[in-house]
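Reader: I have this model open and would love a close look at one part of it. Could you walk me through a charged pair and then tie it to the rest of the chain?

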Amino acid sequence: MSDARHSFFDFDVTKMFADFRFRPFDVEAVWTAQRRNIEALSQANQLAVEGAHAVAKRHIEMTQQTLEDWSALMREMTQPVSTEDRIAKHTEYTKKAIDKGLNHGREITMMAAKTGTDAAEVLQKRATEGLDEMRAFTCKNGATTTTPV
């Protein structure tokens with residue numbers, strides 16, 4: 001008698017999977033689908049980058065305008081006027097600055113939201129197409145595959 005114990009790894013994998021049948025699949029169709037996925041990701045990324053660039057550009061424009069407005073206010077404040085006029089101008093400037101700030105913030109937010117929406121739509125469209133491709137691929141393979149006898 002042998003005292004040798006059998007290891008967990010002492011089994012024949014071919015016997016284990018002998019009755020397991022793999023359905024044939026179209027490798028080219030899978031690669032094509034993956035290529036389309038990568039193209040969709042690339043397109044969504046491009047939209048996001050372009051959107052971020054547009055937001056940054058608009059933000060810079062808004063900042064420049066704000067600095068010009070502030071500079072004009074400082075020039076006006078150095079002019080000799082009564083205290084009441086100075087307070088009135090400062091109050092008017094503050095109101096305009098608050099309105100502009102809120103409008104600028106709203107505009108930037110809308111631009112960023114549109115960018116995100118556009119990129120998400122590209123990904124959603126590709127995900128839907130990918131699921132349709134998978135369904136068609138599965139149905140095609142299921143119809144062409146015969147069950148073993």
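Author: Gladly, let's start at the pair itself: the side chains of Arg 58 and Glu 107 meet in a salt bridge, with N and O 2.6 Å apart. The term here stands for a side-chain nitrogen of Lys or Arg within 4 Å of a carboxyl oxygen of Asp or Glu. Side chains of opposite charge can pair when their charged atoms come close. This pair links distant parts of the chain, since Arg 58 belongs to helix H2 and Glu 107 to helix H3, 49 residues apart. Helices are DSSP runs of H or I with at least four residues, strands are runs of E with at least two, and both are numbered from the N terminus.

Before going further, please keep in mind that this is a predicted model, in which local features need pLDDT of at least 70, side-chain atom pairs count only at pLDDT 80 or more, and totals for chains, interfaces and linings use all residues. Residues are numbered from 1 along each chain as its sequence is written, and side-chain values use heavy atoms, with hydrogens and water left out.

How covered are the two partners? Arg 58 counts as partly exposed because its relative accessibility is 24%, and Glu 107 is partly exposed with a relative accessible area of 29%. The classes are buried for under 20% relative accessible area, exposed for over 50%, and partly exposed in between, using a 1.4 Å probe and protein chains only.

By the same distance rule, the count comes to 8 salt bridges. Several of them meet at Arg 126, a residue of helix H3: Arg 36, Arg 126, Glu 129 and Glu 133 are linked in a network of salt bridges. Arg 126 pairs with Glu 129 at 3.4 Å, N to O; both residues lie in helix H3, 3 residues apart, about one turn of the helix. Arg 126 also forms a salt bridge with Glu 133, where the closest N and O atoms are 2.9 Å apart. Arg 126 counts as buried because its relative accessibility is 6%. Its two glutamate partners are partly exposed: Glu 129 has 31% relative accessibility, and Glu 133 has 24%. Leaving aside neighbours within four places in sequence, Arg 126 is in contact with Ala 33, Arg 36, Asn 37, Ala 40 and Glu 133, where contact means heavy atoms within 4.5 Å.

Two other residues of helix H3 help to fill in the picture. Thr 115 has its place in helix H3 and counts as buried because its relative accessibility is 16%. Beyond its neighbours within four places in sequence, Thr 115 touches Leu 47, Ala 48, Gly 51 and Ala 52. Lys 100 is also found in helix H3, which covers residues 83-144. With a relative accessible area of 34%, Lys 100 is partly exposed, and outside the same sequence window it is in contact with Gln 65 and Asp 69. Lys 100 and Thr 66 are 34 residues apart in sequence and 8.7 Å apart in space, C-alpha to C-alpha.

Now for helix H2, the home of Arg 58. Helix H2 has 51 residues, 27-77, and should span 75 Å at 1.5 Å a residue; its end C-alpha atoms are 74 Å apart, which agrees. The expected span is 1.5 Å times one less than the number of residues. The buried residues of H2 are Ala 33, Ala 40, Ala 44, Gly 51, Val 55, Met 62, Leu 73 and Met 77. Ala 33 and Ala 40 appeared above as contacts of Arg 126, and Gly 51 as a contact of Thr 115.

Stepping back to the chain, there are 3 helices and 0 strands, in the pattern α-α-α along the sequence. Of the 149 residues, 11% count as buried. Among contacts between residues at least 6 apart in sequence, 81% join residues at least 24 apart.

Finally, a word on confidence, given as pLDDT, the predictor's confidence in each residue from 0 to 100. The chain averages a pLDDT of 82, and 76% of the residues score at least 70. Confidence is highest in H2, at a mean of 90, and lowest in helix H1 (residues 13-16), at 58. Over residues 145-149 pLDDT stays under 50, and the model has 3 contacts for them beyond four places in sequence.
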